[in-house]
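I opened the notebook to look up what packs inside this protein and where empty space is left. Here is the model I worked from.

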Amino acid sequence: MNLLTVENISKSYGELVLFDNLSFGINKDQKIALIAKNGTGKTSILNILSGADTPDSGQVNYRKSTRVSFLAQEPVMDPKLTVEETIFASDNEILKVLENYEKALLNPDDADAYQKAFEAMDRFEAWDFETQYKQILSKLKLEDLDATVGKLSGGQKKRLALANALINKPDLLILDEPTNHLDLEMIEWLEEFFAKENMTLFMVTHDRFFLERVCNEIIELENGKLYPYKGNYSYYLEKKEARIEQEAVEQHKTELLFKKELDWMRRQPKARTTKSKSRIDDFAVIKDKASQRRKDHQVQLELNMERMGSKILELHKISKSFPDKPILNKFEYVFQKGERIGIIGKNGTGKSTFLNILSGQDQPDSGKVIVGDTIKFGYYTQKGIEIKPGQKVIDVIREFGDYIPLMKGRQISAQQLLERFLFDRKKQYDFVDKLSGGERKRLYLCTILIQNPNFLILDEPTNDLDIVTLNVLESFLMDFQGCLMVVSHDRYFMDKIVDHLFVFRGDAVVEDFPGNYSDYRAYEDSQIQEKREHKEVQSNTKTSWKEPDASPKISYADQQEYKKLEREIQKLEKEKVNLQDKFTDSSLSGDDIKNLSIELKEVTDAIETKTERWFELSALMED
């Protein structure tokens with residue numbers, strides 16, 4: 001059953017044409033994701049579908065009586081209303097029944113009103129709805145129903161708008177970045193919710209795990225055309241690659257035909273027959289096709305990095321708390337070269353505070369933060385870029401210099417760098433305040449990386465970035481030789497770039513897990529299953545991958561640590577050989593030899609420590 005039909009819609013802003021003559025439909029039970037690069041009109045399409053905007057031409061036709069809910073990136077709500085009043089402000093009939101019942105409970109003396117409200121709950125079968133309504137609010141951490149909207153944070157407002165959209169149970173739910181401002185637990189709950197509910201979805205999201213698990217169709221907007229893929233994210237990647245290969249074959253054939261026709265055109269006499277004129281017209285069409293090229297701009301992030309010394313960053317008995325909220329309690333950690341750590345935990349457990357302490361933007365209540373002399377931080381915060389009135393894109397980059405150093409002694413201009421960040425020459429002279437949210441994030445990321453940091457701290461770097469930019473960023477981070485600390489709810493992103501996790505449990509409990517996010521989820525699921533199978537173990541018993549298991553069988557976490565140690569020892573052995581080779585250089589000064597000796601001893605000690613632990617785990621695996 002068709003719920004919505006889009007016919008030949010177009011949208012422009014001045015000379016900028018976002019899209020032209022787009023057509024598609026949405027049928028009942030479809031869960032569709034729209035994928036496109038930042039700045040190509042994804043949010044504009046959602047606004048047109050929701051009625052928040054109108055196309056320059058074309059039309060959107062809804063099936064009669066179709067109920068639609070729209071989750072915007074920045075929801076607009078009455079700041080004077082409470083959370084509960086905002087929810088009950090909906091025109092959903094069952095919500096009105098539920099509101100009357102809630103009021104009747106507060107006035108038990110009015111027996112007639114209570115009886116009418118009770119009967120209405122029965123008549124509309126609102127009891128299950130009430131249970132689900134309260135569950136949604138609980139899962140999205142909106143327990144304080146009396147809080148006014150004006151006092152909520154941006155993340156709380158987004159979660160309230162999402163709760164509103166879900167509670168209304170629309171026929172069609174339109175979502176713009178639904179996972180932004182949700183922690184991992186909330187995202188996984190939302191995935192399960194959509195899997196169970198028969199809800200038709202049309203969304204824009206960069207969360208590839210979410211795309212994989214929720215969507216059954218993907219529409220890609222590329223170079224002004226729509227390409228539908230009847231499957232999830234994995235299917236989309238497979239079929240898109242096949243499409244690109246086919247286009248490359250067709251392009252090659254067209255170029256060969258163009259050369260043949262060009263040769264014919266050059267050999268033609270001045271007098272031409274009707275048939276030859278037709279061929280000339282065909283030649284013009286072939287020429288246009290042959291001149292087309294795929295616009296797959298790739299960000300090439302090969303920036304030069306400051307050299308790192310032996311001392312990186314040390315945290316000694318760090319404590320931090322806010323009123324009634326402990327964040328850290330005598331936390332200790334010594335960072336090693338090339339460490340890649342992801343941080344996960346529920347909202348409010350102190351992840352961003354921890355990053356601020358690392359970067360020196362906040363101070364611990366007690367303890368010491370010791371930063372190595374050679375360490376240069378690059379800190380990408382959630383605040384984003386600071387927009388200055390009248391500033392253009394090129395001006396932002398030129399604040400850091402006209403030329404940027406690259407690896408192997410090369411350099412590029414500020415203009416060339418922006419082109420690599422997908423800003424063409426025309427876009428470089430746009431005003432920053434005219435950029436889309438994703439384009440601003442991309443520009444901000446550029447300003448962080450061009451300063452050549454060797455310790456990158458990224459707080460939710462994937463928010464509002466399109467999938468093309470995400471893939472490029474991941475490629476860069478995989479090659480980044482410095483230290484990396486990342487807070488992100490993008491599980492796909494975390495799986496690719498981190499080696500281990502700091503898990504913020506709350507109440508100042510921070511645990512170091514040896515593996516990426518998928519490893520962690522598998523471990524947590526195995527713990528849940530183990531508790532179910534061993535009911536005799538008390539429910540409040542705390543388990544930790546740091547504590548040895550009573551049974552001789554090696555745990556999943558130990559297996560992951562064993563594999564990680566093998567990789568680390570192999571890497572350290574190579575580093576040791578490289579250091580030993582450097583001693584053969586006859587031009588070394590006394591200080592150089594001394595520094596190399598210290599570095600070699602550190603590497604040798606690390607190999608011995610890790611090898612000893614490897615043997616311990618190896619023995620457990622043989623049991």
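I started at Ile-167 and listed its contacts (heavy atoms within 4.5 Å), skipping residues up to four places away in sequence: Ile-87, Asn-92, Leu-95, Phe-129, Tyr-133, Ile-136 and Leu-137. Note to self: this is a predicted model, where local features need pLDDT of at least 70, side-chain atom pairs count only at pLDDT 80 or more, and totals for chains, interfaces and linings use all residues. Residues are numbered from 1 along each chain as its sequence is written, and side-chain values use heavy atoms, without hydrogens and water.

Next I looked up the largest nonpolar core (buried Ala, Val, Leu, Ile, Met, Phe, Trp, Tyr and Cys joined through side-chain atoms within 4.5 Å; buried is under 20% relative accessible area with a 1.4 Å probe, protein chains only). I found 54 residues in it, and Leu-140, Leu-166, Ile-167 and Phe-194 have the most contacts inside. Helix 6 (residues 154-167; helices are DSSP runs of H or I, at least four residues) gives the most to this core, seven residues.

Then I turned to cavities (sets of points on a 1 Å grid over the protein atoms alone where a 1.4 Å probe fits but cannot get out; lining residues have an atom within 4 Å of a point). The largest holds about 70 Å³ (the space filled by probe spheres set on the points, joined across faces, edges and corners). Among its 13 lining residues, Ala-36, Lys-42, Thr-205, Asp-466 and Ile-467 are the closest to its centre.

Last, I checked helix 1 (residues 42-50), where Lys-42 is among the buried residues. Just after helix 1, I noted a positive phi of about 90 degrees at Gly-51.

Definitions and conventions. Buried means under 20% relative accessible area, exposed over 50%, partly exposed in between (1.4 Å probe, protein chains only). Helices (H or I, at least four residues) and strands (E, at least two) are DSSP runs, numbered from the N terminus. On a 1 Å grid over the protein atoms alone, a cavity is a set of points where a 1.4 Å probe fits but cannot get out, and a pocket is an open set with protein on both sides within 12 Å along at least five of seven lines; lining residues have an atom within 4 Å of a point.
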